Structure formats: C-alpha cells, structure tokens
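Me: I would like to learn how to read a few features of a structure, from single residues up to whole chains. Could you take me through them?

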Amino acid sequence: MALDPDAVRRIALLARIAVTDSEVAALQGELNSILGMIERMQGVNTAGIVPMAHAFEMHTPLRDDQVTETDQRAEFQAGAPAVQDGLYLVPRVIE
Amino acid sequence: MSDPVPLGLVATARALAARELSSVELTGALLERIACANPVLNAFITVDPEVSLRQAAAADERIARGDAGPLTGVPVAHKDIFMARGWRTTCASRMLAGFVAPYDAHVIEQFDAAGAVNMGKLNMDEFAMGSSSESSFFGPVRNPWDITRVPGGSSGGSAAAVAAGLVPAATATDTGGSIRQPAALCGVSGLKPTYGLVSRYGMIAYASSLDQAGPIARNAEDLAVLMNLMAGHDRRDATSLARPAEDYRRDLQRTLKGLRVGLPRAYFADGMSPDVRAGVESAIAVLRRLGAEPVEVELPRVELALPAYYVIAPAEASSNLSRFDGVRYGHRAASYGDLADMYSRTRAEGFGPEVRRRILIGAFVLCHGYYDAYYLQAQRVRRLIAEDFASAFEQCDVIAGPTSPTVAFALGAHADDPLQMYLSDIYTIAPNLAGLPAMSIPCGFGVHGLPVGLQLVGNYFTEARMLGIAAAFQRETEWHLRAPAAMTP
Amino acid sequence: MDWEIVIGLETHAQLSTHSKMFSGASIAFGAPPNAQACAVDLALPGVLPVPNRAAIERAIRFGIAVGARINRRSVFARKNYFYPDLPKGYQISQYELPVVEGGTLEIPVGSGTRVIHLTRAHLEEDAGKSLHEDFHGATGIDLNRAGTPLLEIVSEPELGSAEEAVAYARTLHALVRWIDICDGNMQEGSFRCDANVSVRPRGQTRLGTRCEIKNLNSFRFLDLAIRHEVARQIELIESGGRVVQETRLYDPDRDETRSMRSKEDAQDYRYFPDPDLPPLWVDDDWMARVAAALPELPAACRARYQSDWGLSPYDAATLTQSRDLSAYFEAVVHSLGATDQAKLVANWVTGELAAALNRDSLEVANARIGALALSGLLRRIVDGTISGKIAKDVFDAMWTDGAVTPGAADDIIEARGLRQISDSSELESIIDAIIQANPAQVAEVRAGKEKAFNYFVGQAMKATRGKGNPATINAILRARLTA
C-alpha cells in the first residue's frame, strides 16, 4: 500500500491538519516509508488469533451514580481561546 | 552543607530526616544548580522557585513536627506530561505552551501527599513521541555526558536531570521505551512497571493501551521507594489494576542464586553496536558470578514489535490528540476562515512534524477498508508477541539484553529519517505491547565514554524481584555511581 | 405504481441517571452554560472515562423488557469525528459488540397489533449544544449535555408507514418511562428519533436507497417528516431521478426535509475499541437482580386487565400508557374492593379524570383527586347514594378543592345535600302532584307517546333537584301511567 498525494490530502483532512502542496510531497515519502516498515507485519499468519486491545483481559470497573463534580467553569475557561457568557466560541457552524 | 543528591533519593531522604540539612537549604541549592545547568541541558521546561521553596518550607515544618513521611522534603521533578495543578503543563508542545493545569494527576497527588518538593516540569519529546527529546517545542534536551548528543527520549529531561544531579529522582512515562532508553543513554536507572500498576489519571495520553508511568533514579533501591509511592489502584482510571499494595523493597537483599536469566537470541543478533554488546555481555557475566544461570530463550515474533507498535500507537494517538482543537484550551491559530480552517490551521501550527506524522499514520490505519489489514492485524501480532514472552517465562525468571542498540547519538543525527529514529526503540517496544515490566540499569560505558544500559524484562508483577536483581548487580558494580564529569557538583 | 414504504427508527433515550455516562457531573437540565461540564466532559488533557453503573443497569433493564439478548461482554468503541460540540474529537459508543441485541416491541396497528423486531440497543454519550444566536457570527458551545448517557435503540426496517413509525415511537416512549430508564421529556430532548426512510416498488425484495432524517423530537414531527420524505422520494423516482443516500434535517417551519451539507463530506468514523475502557461485563447475577426488580410490563398488564377484569382492549391500552396511570387505576379498583366494578373505574379514569388532567395540563401523579378519594366517590355510585350524573358534579367539586381522603366525596355529598332520594313514598307524593298538574301529558303517555313519558321523568328530576333515584322514579311513573 503506497499513498498517493490525494490520499495524503484526504487523511490530512480527516485528521484536520492543514498541509501545503510541498508538505504533501514530503509527507508522502515519509508516510510511505513508515508504511513500508509496517508492511513486514502483514504477511504473518494470524488466522484464529484474537486481537489484543488491552494488556490484560479485565472488565471495566464501574462508577456509582453520584454527582461528585462542582462548577469549575471560571477556572476551566480562564485560558480558553474564546469565550462569551460562559460559552466557548467557534467560527459559525452551518447546518 | 554536604550534598546527598548524587547518592540518590534514599540518601537524601535520610539526610533530611536526620536534619543534617533542611529541605529549604537543599531545594535552594538545587534550584541554583538548575539555573546554572538548564541553559545548557534544557532539561526543564518550567521551574518555579517560589512554589518549590514554599513546598520545602512546609516540608521542613512537617519534619520539625515529627510527622514526616518517607519522602518529606525530598526534591523530585516531573515529566511535563503530568497535570500538576497551578503548574504550566505543556507536554512539550506549542499546542499547550501556555496551558496551566487545573487539576493534579494521580502521580502528582501521591508525591504531594508524601511531602515531596516539586522542582519543576521536565522537558521531553512532544506528546512523548520520539526517542531523542529533540521534538520538544521548547528545544532539544542535551545529554549531560556529552552536550552534543541526545539524552534519549521521550523522557530525556527526566533522565538528564537525574544524571546531572539536578534532582535525585524524576517521574517519567514509557509507551515504547521512553523511560528505559533515556535512562540507558544517560547512565541512570529507570523502571517501566506492569501496565496498570500506576494510574494514568492526569497523565496526557499518547497511546492509552501502552502508556505507563514509572520512576527514573540513580539506583534500584530508589526506584523501589518510588514505586511504593507511585503504584496503587485508582478508581479514576478504568485500566488501573486493583491489587493489594506491595513493598517493592522486599527483594532488594535477595540472592541471585538459581535465578534463570533468559537471553533472547533475537536480542543478541546483529543490530547491536559492539560497545553496547560488550557492556551487556559483561553485565551478564556479573549476573552469572552472582549465581544466576543464563538460559537461551526464543522470542520468535519479537521482530514484529516495531511494525505492530507503529500501527497501534499512532492509531490510539490520532484519536487521543483529537481533543486539541483550539476550542476549549490550548493553542488556536491567529487567523482562520471557517470552522474547518480553524481546526486545520490550529492543529498544523500546534503540533510539530513528528506528532503530525503519527496522527496521519494513525488516522490512515483506522480508515474503513484498511482497519483489518493494519489495525486488527497489529493487534493480532501484539497477542503473538505476548504469547512469545509467556513461553519464554516458562524457561526463565527474567529476560536480559540491551536497552538501546547504540549509545547516545548526536543531536540531529536522525533529523531527516524518522525510521532510523524508530529503530532506537527496537529492544524496548515489545514489553509495552505485552504489558510487561521492564527496566534499564547502567552496565558500562561504550564509545566516547557514553553510558550503556542493560535491559531487564520481567514477567507480570515481578517488579520487586527485578529490582532485587538490579540491586544485587549494583552492589557488585559501580556504573550507577558514575556521574558526568562536567556536571559533578 | 404501488410503492412500499420501509422505515427503521433509531431512537436516543436519555437515561435517567444523576450523573453522566463517564463522569461525576450532573445531568440536570437548565444549568448555566458549561456549569455542568467537568474536566472529563471538557476532555481536558489527561482525564479518563469511568462508566456509570446506573446507566448500564438501565440498558440491561431495557434489554430484559424487550426480551433481547444481554451480551455478557460488550465493548466501548470510539467514533472519531471533529465537531465543536464533541470535546474529545470522538464519541464513546458501542459498535461491534453492543450491550443489548435483538428483542421485540408489540405496537398497536389498526384494531390489532404488530411485532416489530429490534436490531440492538447500545450505550453512548451525548454531545453538547451549539447556539447560533447573538455571537456576532460565531457559534457558542455549551457542553453541559456532553457526556449525558444515552441508550440508542435501533429497530429493524420493518415499519411500513408514518402511522406505524409513530405507533412504534409511542410504544417505545411509554415503555422506557414504564421501566423508569428515561423521563421521556421530548421538549428537553430526552427522547428523540432518527428515521431511516426508503421506498421500493411493492414486490421488490431489494431495499431502496435510504435517507436518514435526524433529530425528530416530537411524534408530530416524526409523522410529518416521514410523510414528506416518502412523498419526496416517490416524486423523485417517478420523475426519473434517483434517491441519494444522505442525512436530511426536518424543518418544521417550512414543513420539508433538506440535505445536511455539513455531514456530507466523505465521513470515515474510524471506529476502534476504546483503549481507556476494558470490555463491559454483565454477569448472570447482575442480570437476575435487574430482572427481579423489573415491574410488571405494560403488555402483561394489558393482558391481565382484559382477562381478569374484563376490560376492552382499548381501555386496557389506554390505562397502560404510563405506569403512574395504571397504578392509579389499580389503586382505585383495589380500594373499592370490587373488581367487578373495574369497568366503572376504567370509565372514570379514562373519562372524567383524563379530561380534567388534560384540561389542567397535569400528570396523573399530580392529579387533584387521589386514587382513594376517587374510590370514595365511586363507592357512592355503586351503593346508590348518588347517581352518576350527581357524581360528576361531586367530582368537579373535589377537583376544585383538591381531594385525597376516602371521605372527601361523602363530605361534599353531605354538605350540599346531594344524597339521592330513593325513598318510594317521598318520590310517590312528588310524582302524584306532577301527574295531577299535567292531565294533557298523561293522556299523551297513555296514547303511547314515549316522549311524553320522558317529560314526566324530567319534571320529577327537576322537582328533586336531580337527587331522585332515576330507577325508582322510572318504576313509579311506569306503575302510575301505564297501569
């Protein structure tokens, strides 16, 4: 699998990372060399092997349904890029 | 005033408890030393003398009152990946360059409760992605043994600060070798515990299923004391293991007689540089002299660890780092058009090249149509590697080998070739995939008088035994006592 | 052409917990913006999710109630996409292994019922809210709702019309409230539907291309949106066009559905198991405890009302619209101590009581006449103390004053002298006086004019101010006038 420039652009869009044309060219080479290294794993016969998502076969612990958090809006918003009336502001979302 | 710091954490704690010196005196002296050394080493991102001295004064009061804990007044510094309330917490990224943490990580709480003095936040690879601590937005960390060389990474600031005697111990994290490799390259000791022993709460996530916090210090006893503090169940982390507390010092005096040390053939094949091989082989000779029996073991699929890691870690990272979007905190691009543009510019500006690369790789391997071939295959290979270790541990009690294939390399050596950089973690990645504990201890010096590290990989929950092996080795050797000449106070 | 309509519904039921799905922040409605968005909800660096036991328990309760399979092991997965109301850049949901799979829901269709199959029900967290007004061209983000626990209930595409879709949604709405997992408040968004709609020529086995209509938060909008979407698709195909699979939004102001362009850019959610959350485990013991604590379900209740108490299917369905209503009804029946009067109770509960509640916009739990008080009133009808007609006046007086005690009706009957006159001799003398005063009408009755007979009944009721026992009055008049 080798990524072409369009594929690099599409992934960058999915990941919301702006890329210039010259960056696309450089990234194409870098990503393809990493994917080339990853390729080594693909010939391995893993039929019947259960994928391992966690280090241990454990079950998630659960929380009791209690409200433990208090309003910390002022502290949380102290360093926010843009707030007004307690709301976080972003460029207009069109639906 | 005598300086106990080069002797380590336990020695420092003892001197404080005996009131041979006060925490304020010691903290002040170390702050001066940091002020002196940091412009060169760049090991710290943030130092706040006022806060550190205030904590030291409080610790001195505690000692005077007689209710001191084991680490009261002991100066410790933290990798800048841990949220520490009121401290700027950056993960070495422009994305969080001005971010002040509004809460404490579990690890920070443990040190605070024990009365340790926070000496500041340590430099690292951006978002813990790297093996040289060069990807930091705040500039590269330099190796105290040779400032033209890297300290390793990602916990390069932690290893460099301990090696340079700026602090007796530091916290660090390890996703694919980020505690062990810098410990090896800086000639100090570091332990990555079994996955789940130390809570990840408040530790900025890189790859959640691999990330594990651990200590870097001068010797095995110090690591054991730090583990007693850092390990423990935390209900705020669903992957934190609920296990009874244990004393990680319990095997420090235990003999190595009858210990079966597994030597994986794959770890001793080509790839290791001759000076590293010489250091590791002499260390094995020491272990044998202490009564251990080397046995050859096979880890047939361990060579697949690197490709599997570079699917799993970027995949998790691409998702973990999506929260950095310029909406609620952190960097936001100065100029942008619509929402999509705001996101894309913010993230292109906020993340450095290596982080961007890993996010893109991670996004790709999770894409519809590629998920099975990349992500699921990597998870299956992950299980095969864990099974390899399980088989090996039927024949041995601990596995030994090199931590890093080479000694510290020059700054910029791998700047144009990410893959070469990745190979630096070739021996350290597999234990993360399996969730196993692993450590690095100094075992000699290679070319240019640079430290070589011995890696020990244990079975699950055998940290105390591993620390005992390291302690026995350190009673027999003095590699861990060496300090870089320029930095000797 | 004869078109077949195929509809599947995805319903988001907000689970009635105190705290969020993965954090200890409150989910109470109406807090100031972001006052209930804690570190976890804001996705601050380093925070981690821990699932809420009560949310999972509610999912299990639902699964048991619809006869579904509860998966012992289910997996939380991340659904990755960027949106400002989604702080982590991913939603924690369940993908390949949901907690609930299968199950059925019986819905009323015409005079009968239909069984609709459920695909699955999975746990997930809600997103925040975007506010578009008053920010000079910017959008304001409130994350109080972010992380609120949701159960997404997915039906098979088996609904054949807007009516069936609404019947399904109403039945589901009643069920989630009945088993107390969701408050069902549709204005506040606690229960909302997405409809997948497609059409195909009748007889074609392959499904047509579907469109998903998002966020329908009332039964009326659900009905209107589906009707319009079906009409749009048929018109499109019949005029030679092709339906494009897309997400559409129903605009109630313009009464139409339109494409949501913002969701169109080739989305790839990159689902994968959440590495922060080990699999969820539901053991037999937990399931057994949840099953044991479940109330009698509405379907069982309906069946019992019909078989044991002889109610009509219609009354049984009406009385099981909510657990509160059915509990009220049963309390009246039991207090009356006469299950043979269940039909009378049903008439009053679905009639006078429902009308009064509706008029005052009250829930049955807040009815101004308690079950014991209503039973006290009905007791007086049964024992003949008052007529049904007088009882309605007493009911109105009780409603106005508020009545909770069993004696409330008696107090009003006594205070207002409404006790029915059943004493024959008293009624006979009144009736005799009326007969003497109206010889012409007597003649008409004798000539067989039933209308004239009713005149005498009316006069007798008037003379007794409505308190005369109608049966006794009738009997006396018959004896006097037709003898």
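Me: Does Thr27(B) count as buried or exposed?

Reply: A word on the source first: this is a predicted model, in which local features need pLDDT of at least 70, side-chain atom pairs count only at pLDDT 80 or more, and totals for chains, interfaces and linings use all residues. Residues are numbered from 1 along each chain as its sequence is written, chains are lettered from A and ligands numbered from 1 in the order in which they are written, and side-chain values use heavy atoms, with hydrogens and water left out. Now the general idea: buried means under 20% relative accessible area, exposed over 50%, and partly exposed in between, with a 1.4 Å probe and protein chains only. Thr27(B) counts as buried because its relative accessibility is 0%.

Me: Which helix holds Thr27(B), and with which residues is Thr27(B) in contact, leaving aside neighbours within four places in sequence?

Reply: Helices (H or I, at least four residues) and strands (E, at least two) are DSSP runs, numbered from the N terminus. Thr27(B) belongs to helix α2 of chain B, residues 23–41. Contact means heavy atoms within 4.5 Å. Without those sequence neighbours, Thr27(B) is in contact with Ser52(B), Leu53(B), Ala56(B), Pro75(B), Val117(B) and Met119(B).

Me: Where does Glu221(B) lie, and what is its relative accessible area?

Reply: Look in helix α7 of chain B, residues 220–230. Glu221(B) has a relative accessible area of 34%, so it is partly exposed. Outside its neighbours within four places in sequence, Glu221(B) has contacts with Val10(B), Arg14(B) and Leu252(B). Its C-alpha atom is also separated by 8.8 Å from that of Ala470(B), although the two residues are 249 apart along the chain.

Me: What is the strand order in the open sheet of four strands?

Reply: Two strands pair if DSSP finds at least two bridges between them. Here the order is β1(A)-β2(A)-β10(C)-β9(C), with antiparallel pairing. The edges are β1 (83–84) of chain A and β9 (129–131) of chain C, each pairing on one side only. Within chain C, β9(C) is joined by three bridges to the antiparallel strand β10, residues 138–142. In one of the pairings, Ser130(C) has Ile141(C) of β10(C) as its bridge partner.

Me: How many helices and strands does chain B have, and how compact is chain B?

Reply: Chain B has 15 helices and eleven strands. The radius of gyration is taken over C-alpha atoms, and the globule rule is 2.2 Å times the number of residues to the power 0.38. For chain B the radius is 21 Å, close to the 23 Å that the rule gives for 489 residues, so this chain is as compact as a globular protein of that length. Its C-alpha trace spans about 65 × 55 × 45 Å along the principal axes, and 69% of its residues count as buried.

Me: What radius of gyration does chain C have?

Reply: Chain C has 30 Å, whereas a compact globule of 483 residues would have a value near 23 Å. Along the principal axes, its C-alpha atoms fill a box of roughly 95 × 55 × 50 Å. Chain C contains 15 helices and 17 strands, and buried residues make up 55% of the chain. Among its contacts between residues at least 6 apart in sequence, 69% join residues at least 24 apart.
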